[in-house]
Amino acid sequence: MLDYVDLEADLSSEEKLIRDTAREFVADKVAPDIGEHYEAGTFPTELIPEMGEMGFFAPNLEGYGSPNVSETAYGLLMQELEACDSGLRSMASVQGALVMYPIHAFGSEAQKEEWLPKLGSGEAVGCFGLTEPEHGSNPSAMETHAERDADGYVLNGAKTWITNSPISDVAVVWARDRSSEDEPVRGFLVETDRDGISTNKIDEKFSLRASITGEIGLNDVRIPEENVLPEVSGMKGPLSCLTQARYGIAWGAVGAARNCFETARQYALDREQFGGPIARFQLQQDKLAEMATQITLAQLLAHRLADLKEAGDLRPQHVSMAKRNNVRMARNQARIAREMLGGNGITADYSPMRHMANLETVYTYEGTHDIHTLILGQDLTGIAAYEA
Ligand SMILES: Cc1cc2nc3c(=O)[nH]c(=O)nc-3n(C[C@H](O)[C@H](O)[C@H](O)COP(=O)(O)OP(=O)(O)OC[C@H]3O[C@@H](n4cnc5c(N)ncnc54)[C@H](O)[C@@H]3O)c2cc1C
């Protein structure tokens, strides 16, 4: 696998073991059928408990059954999952960074004890409800709201584009608390079997097809007071979860690009035109050289992010730069790999076109490329340019 500047030399034996175990799991259990799942628009849900058993869900957290692995090990894991399919990495990112993380960081002791072991083992599935039909890039304008009543809260509103909502046992729903002054955004744990909640599946997707996406409808959904995440109030709640998930995406995108590179390189060596392998043509070598260089630069950024995170020095803006750069890189390289495969490149027999389509979602979710540009622009100039 492409590791041009020998980053392997800096890995601990535990990190190598975690990476290799994930690589083997993907090769044996997921890769053989991922093309079929993609075509059918399904996720191999039977593997969720196995993914839990393998420690794929938030292994970088401490306690409640999580092994607290290094941030590099966590990143390498995301890289191996996304080398197979962005839908597989999305499953792990949502369950770990967007559901377990907020419960771990902002939940009560009872919430942690109830949910973290079940989510970590894959016995339960969770989803993260922030985006709304009318509010995507600007979630702070959300309309979903909670009102206090005698027993707890009543939730009303609609969320859309929610990964895993149709198969979730619990949703972390972000809503405005209308009973408090200033109506702060708060996190609510909503079990999906409560009256008034619906989780319709969104079927018409051309991207991230091997991932289940849905809506969350909330119509007078009653939840008890103890389902509110007590330790956070305001947009820093959901935004801090997104920083965790974007960290995993910055690593994962490198995996998708690496898989495209490996596929294109092998194809160029095998495919013969004009009396020999197409890899002998300088035009093809230029593409491979550029791909390898861009992937290597993205790998370096991801590894540096891990060091900053481990030291407690990682800023959300660092993560924005890496998400923005690495996903754009992967999206571009997937297209070039597809091109190198000629007509075969548009078939389900090869991964680059699937990665290419998936990366359209990855480019858009967890903050679009444009929004990360604005985050960096604000950090570099001190001027926010979100509103005209
Ligand atoms: C498959 C999939 C899974 C998803 N999973 C989840 C999930 O699990 N949970 C969840 O909460 N959300 C999820 N999302 C939603 C995702 O985060 C949003 O799609 C994303 O935030 C963009 O919002 P939007 O689609 O409403 O686009 P919009 O915000 O309407 O943006 C449209 C375009 O306008 C641009 N734009 C917006 N504002 C500005 C500005 N100020 N300056 C310049 N350009 C701007 C954007 O960059 C974009 O190109 C998912 C999305 C997809 C596609």
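**Figure 1. The three domains of the chain.** The domain assignment splits this chain into domain 1 (7-125), domain 2 (127-233) and domain 3 (236-381); such bounds come from an automatic or database domain assignment. Keep in mind that this is a predicted model: local features need pLDDT of at least 70, side-chain atom pairs count only at pLDDT 80 or more, and totals for chains, interfaces and linings use all residues. Residue numbers start from 1 along each chain, following the sequence as written.

**Figure 2. Where domain 1 meets domain 2.** The C-alpha centres of these two domains are 23 Å apart. On the domain 1 side, 24 residues are in contact with 23 residues of domain 2, contact meaning that the C-beta atoms of two residues, placed from the backbone, lie within 7 Å. H1, H4 and helix H5 (109-121) each give two or more residues to the side of domain 1 that touches domain 2. Helices here are DSSP runs (H or I, at least four residues), strands are E runs of at least two, and both are numbered from the N terminus. H4 gives the largest share of that side, nine residues. Sorted by class, the side has 13 nonpolar, 10 polar and one charged residues. For these classes, Ala, Val, Leu, Ile, Met, Phe, Trp, Tyr, Cys and Pro count as nonpolar, Asp, Glu, Lys and Arg as charged, and the others, Gly among them, as polar.

**Figure 3. Helix H1 and its kink.** The 28 residues of H1 (residues 13-40) should span 40 Å at 1.5 Å a residue, and the end C-alpha atoms are 38 Å apart, which agrees; the expected span is 1.5 Å times one less than the number of residues. There's a kink of about 55° at Val 30, shortly before the proline Pro 32. A bend is the angle between axes fitted to the seven residues ending at a residue and the seven starting there. The buried residues of H1 include Glu 15, Arg 19, Val 30 and Tyr 38. Buried means 20 or more other C-beta atoms within 10 Å of a residue's own, exposed means 12 or fewer, and partly exposed is in between, with C-beta atoms placed from the backbone. The buried residues of H1 pack against helix H3 (71-84), helix H4 (86-106) and helix H9 (352-364). Right after H1 comes Gly 41, with a positive phi near 75°.

**Figure 4. Helix H4, mostly covered and bent.** Of the 21 residues in H4, 20 are buried. H4 bends by about 35° at Met 100, with the proline Pro 102 following within four residues. Three residues around this stretch, Leu 98, Tyr 101 and Pro 102, are among the contacts of Cys 241.

**Figure 5. The shell around the ligand.** Of the 22 residues around the ligand, Leu 130, Gly 136, Ser 137, Thr 368 and Asp 370 come nearest; a residue is near if its C-beta atom, placed from the backbone, lies within 6 Å. Strand S3 (126-129), strand S5 (152-163), H9 and helix H10 (369-381) each give two or more residues to this shell. The shell divides into 11 nonpolar, nine polar and two charged residues. Domain 2 and domain 3 both give residues to the shell, so the ligand lies between them.

**Figure 6. A close look at Cys 241.** Cys 241 lies in helix H6 (residues 236-270). Cys 241 counts as buried because it has 26 C-beta neighbours inside 10 Å. Beyond its neighbours within four places in sequence, Cys 241 is in contact with residues including Ala 97 and Phe 128.
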